[in-house]
Amino acid sequence: MTVGEMQAGPGNPPEVLDGPFSTRQLLRIDEALRLADQNTGLVFSVFVGGLDEPIREHAERLHRQLAEPDKSVLIAVSPNQRQLEIVTGRYARKRIPDTYAKLAALSMVAAFGGGDLAGGIINGLDQLASHAGKG
């Protein structure tokens with residue numbers, strides 16, 4: 001379950017419906033998340049929206065709200081602030097060291113710079129999952 005799903009409820013639809021993605025892009029991101037989870041045994045989540053200052057601390061707070069933070073990887077993107085954070089839990093960090101997370105971040109930033117937010121997220125998920133390997 002993602003942070004967005006936890007905040008949504010019966011009378012409170014998830015905010016992704018008003019987000020920057022088309023339905024097709026959301027489906028592609030969902031598929032990339034499912035494959036990353038399935039192939040690694042880790043739990044991947046994506047947050048797209050505004051991040052409070054300090055950015056890293058806000059991303060870490062979001063990560064701690066996930067169901068299994070120790071084995072979770074959160075990609076937090078704030079397009080309007082031009083910020084990206086990748087937060088890994090204790091167990092996930094053993095499989096995805098910071099150097100690999102930084103490489104994935106560089107690739108994502110390049111795609112974002114070209115105007116491809118969804119593609120950057122999907123490629124980043126694929127790279128992080130590839131680095132983590134089978135779990």
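Me: How many salt bridges does the count come to in this predicted model?
Reply: The structure is a predicted model. A pair counts when a side-chain nitrogen of Lys or Arg lies within 4 Å of a carboxyl oxygen of Asp or Glu. By this rule the count comes to 5.

Me: Which residue of helix α3 does glutamate 85 link to, 29 residues apart?
Reply: The side chain of glutamate 85 takes part in a salt bridge with an N to O distance of 2.8 Å. Glutamate 85 sits in strand β3 (residues 83-88), and the pair links distant parts of the chain. The partner in helix α3 is arginine 56.

Me: Is glutamate 85 buried or exposed?
Reply: Its salt-bridge partner, arginine 56, has a relative accessible area of 33% and is partly exposed. The cut-off for buried is under 20% relative accessible area. Glutamate 85 has 16% relative accessibility, so glutamate 85 counts as buried.

Me: Where does aspartate 70 lie, the residue that pairs with arginine 90?
Reply: Arginine 90 and aspartate 70 form a salt bridge, with the closest N and O atoms 2.7 Å apart. Arginine 90 belongs to helix α4 (residues 90-95), so the pair ties together parts 20 residues apart in sequence. Aspartate 70 lies in the loop between α3 and β2.

Me: Which residues are joined into one network by salt bridges that share partners?
Reply: The salt bridge between glutamate 85 and arginine 56 supplies two of the members. Shared partners bring in Glu60 as well. The network is Arg56, Glu60 and Glu85.

Me: What is the distance between the closest N and O atoms of lysine 71 and glutamate 68?
Reply: Lysine 71 is partly exposed at 27% relative accessible area, and glutamate 68 is partly exposed at 40%. The two form a salt bridge. Their closest N and O atoms are 3.9 Å apart.

Me: What handedness has the β-α-β unit of β1, helix α3 and β2?
Reply: Strands β1 (residues 43-48) and β2 (residues 72-78) run parallel and are joined by 6 bridges. Among the facing pairs, phenylalanine 44 stands opposite valine 73, and phenylalanine 47 has alanine 76 as its bridge partner. With helix α3 (residues 55-64), the two strands make a unit that is right-handed.

Me: Which residue in the hairpin of β2 and β3 takes a positive phi?
Reply: β2 and β3 pair in the antiparallel sense over 6 bridges. One of the paired positions is serine 78, whose partner in β3 is glutamine 83. The hairpin has 4 residues between the strands, and the positive phi, near 55°, belongs to arginine 82.

Me: How many residues of β2 are buried?
Reply: In a regular strand the side chains alternate between the two faces of the sheet. Ser72, Leu74, Ala76 and Ser78 point one way from β2, while Val73, Ile75 and Val77 point the other way, and all are buried. The strand is therefore largely enclosed by the rest of the structure, the buried count being 7 of the 7.

Me: Which element gives the most to the largest nonpolar core?
Reply: This core has 26 residues, and those touching the most other members include Phe44, Val73, Ile75 and Leu128. Two or more residues come from each of α2 (23-40), β2, β3, α5 and α6 (117-132). With 8 residues, the element giving the most is α6.

Me: Is leucine 106 buried or exposed?
Reply: Leucine 106 is in helix α5 (residues 98-113). Together with Tyr100 and Leu103, Leu106 forms a nonpolar surface patch of about 310 Å² accessible area. Because its relative accessibility is 60%, leucine 106 counts as exposed.

Methods. Residues are numbered from 1 along each chain as its sequence is written. This is a predicted model: local features need pLDDT of at least 70, side-chain atom pairs count only at pLDDT 80 or more; totals for chains, interfaces and linings use all residues. Side-chain values use heavy atoms; hydrogens and water are left out. Two strands pair if DSSP finds at least two bridges between them. A crossover is right-handed if, with the strands pointing away from the viewer, the path from the first strand over the helix to the second runs clockwise. Patches are made of residues with over 30% relative accessible area and no salt bridge: like charges are joined within 9 Å, nonpolar side chains (Val, Leu, Ile, Met, Phe, Trp, Tyr) within 5 Å. Accessible areas come from the Shrake-Rupley method with a 1.4 Å probe; for residues, only the protein chains shown count as cover. Buried means under 20% relative accessible area, exposed over 50%, partly exposed in between (1.4 Å probe, protein chains only). A nonpolar core is a set of buried Ala, Val, Leu, Ile, Met, Phe, Trp, Tyr and Cys residues joined through side-chain atoms within 4.5 Å.
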